[in-house]
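Colleague: I am new to this structure, and I would like to learn how to read it one feature at a time. Could you take me through it?

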Amino acid sequence: SSSELELLAFVRPASVCPNEVLRACRESLPPAYAPSRVICIDTFPLNSSGKADVGALLQLAAGTESHRKSEQDGRRGEVDVNPAPLVAMEIEERKKEEEEKKDEENVVEEEEEVEEDDSDEG
C-alpha cells in the first residue's frame, strides 16, 4: 500500500541495470538494508548547498513508480541497463582515492622525518 515505507537506491549512470543492482544488494546485504527499488539516473539533482536534493529525488521516484505501474509488464518504469560494472567502478574509485590519500600522507611523514634528521645533525 502507499502507506508502506520503502528503501530506494538511486544509482548512476542511468545505463546501469536496476535489476542487477537489486540482485547484488539482495545477495550481499541483510534483507532490511536491501532496497526495494533502484532508480538509475545520470546525475544527482543538487540543492543550493551542493548536496543531493532529496525532494527532487523523491519526486523522481514518484514519477518512475507511476510510470512503472502504468506498464503492462511491470518492468519498464525503471531504466533497463547493467550495474555490476558501476558497483565495481565505485569501489575501485574509492580504493584509488584512499590509496592516493595514504600516499600523500606518507610523503608528508617522510618529509617531516627528513626535516627532523637535518635538525638532529645541526
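Modeller: What follows goes from the overall fold to the strands, the cores, the cysteines and one peptide bond. Please keep in mind that this is a predicted model.

Colleague: How many helices and strands are there in the protein, and what pattern do they follow along the sequence?

Modeller: A useful start is to list the elements and then read them in order. The protein has 3 helices and 2 strands, and along the sequence they come in the pattern β-α-β-α-α. Of the 122 residues, 20% are buried, and the accessible surface amounts to about 9400 Å², with 49% of that surface belonging to carbon and sulfur atoms. If we take the contacts between residues at least 6 apart in sequence, 68% of them join residues at least 24 apart.

Colleague: Which way do strands β1 and β2 run, and how many bridges join them?

Modeller: For a pair of strands, one looks at the direction and then at the partners. Strand β1, residues 8-11, and strand β2, residues 37-40, run parallel and are joined by 4 bridges. Between these strands the chain passes through helix α1, residues 18-28, and this β-α-β crossover is right-handed. As for partners, leucine 8 has arginine 37 as its bridge partner in β2, while phenylalanine 10 has isoleucine 39.

Colleague: Which way do the residues of β2 point?

Modeller: From β2, Arg37 and Ile39 point one way, whereas Val38 and Cys40 point the other way, and all are buried.

Colleague: Which residues make up the largest nonpolar core?

Modeller: The general idea is that nonpolar side chains tend to be buried together in soluble globular proteins. Here the largest nonpolar core has 9 residues, namely Ala9, Val11, Val16, Val21, Leu22, Cys25, Ala34, Val38 and Cys40. The elements that contribute two or more residues to this core are β1, α1 and β2, and the largest share, 3 residues, comes from α1. There is also a second, separate core of 5 residues, among them Ile39, Ile41, Leu57 and Ala61.

Colleague: Is leucine 5 buried or exposed?

Modeller: Leucine 5, which lies in the segment before β1, counts as exposed because its relative accessibility is 85%, and the cut-off for exposed is over 50%. From C-alpha to C-alpha, leucine 5 is 9.6 Å from serine 36 in space, although these two are 31 residues apart in sequence.

Colleague: How many disulfides are there, and why does cysteine 40 not form a bond with the closest cysteine?

Modeller: The step to take is to compare the distance between sulfur atoms with the cut-off for a disulfide, which is within 2.5 Å. The count is 0 disulfides. The closest cysteine sulfur to that of cysteine 40 is in cysteine 17, and because the distance is 7.4 Å, it is too far for a bond. Cysteine 40 counts as buried because its relative accessibility is 7%, and cysteine 25, at 16% relative accessibility, also counts as buried.

Colleague: Where is there a cis peptide bond?

Modeller: Most peptide bonds are trans. In this model, a cis peptide bond joins arginine 12 and proline 13, with omega about 5°, and proline 13 lies in the loop between β1 and α1.

Conventions: Residues numbered from 1 in each chain as written. Predicted model: local features only at pLDDT ≥ 70, side-chain atom pairs only at ≥ 80, totals over all residues. Heavy atoms only, no water. Buried < 20%, exposed > 50% of the residue type's maximum accessible area, 1.4 Å probe, protein only. Contact = heavy atoms within 4.5 Å. Areas by Shrake-Rupley, 256 points an atom, 1.4 Å probe, with all protein chains shown as cover. Pairing = 2+ DSSP bridges. Right-handed = clockwise from strand over helix to strand, strands pointing away. Core = buried A, V, L, I, M, F, W, Y, C linked by side-chain atoms within 4.5 Å.
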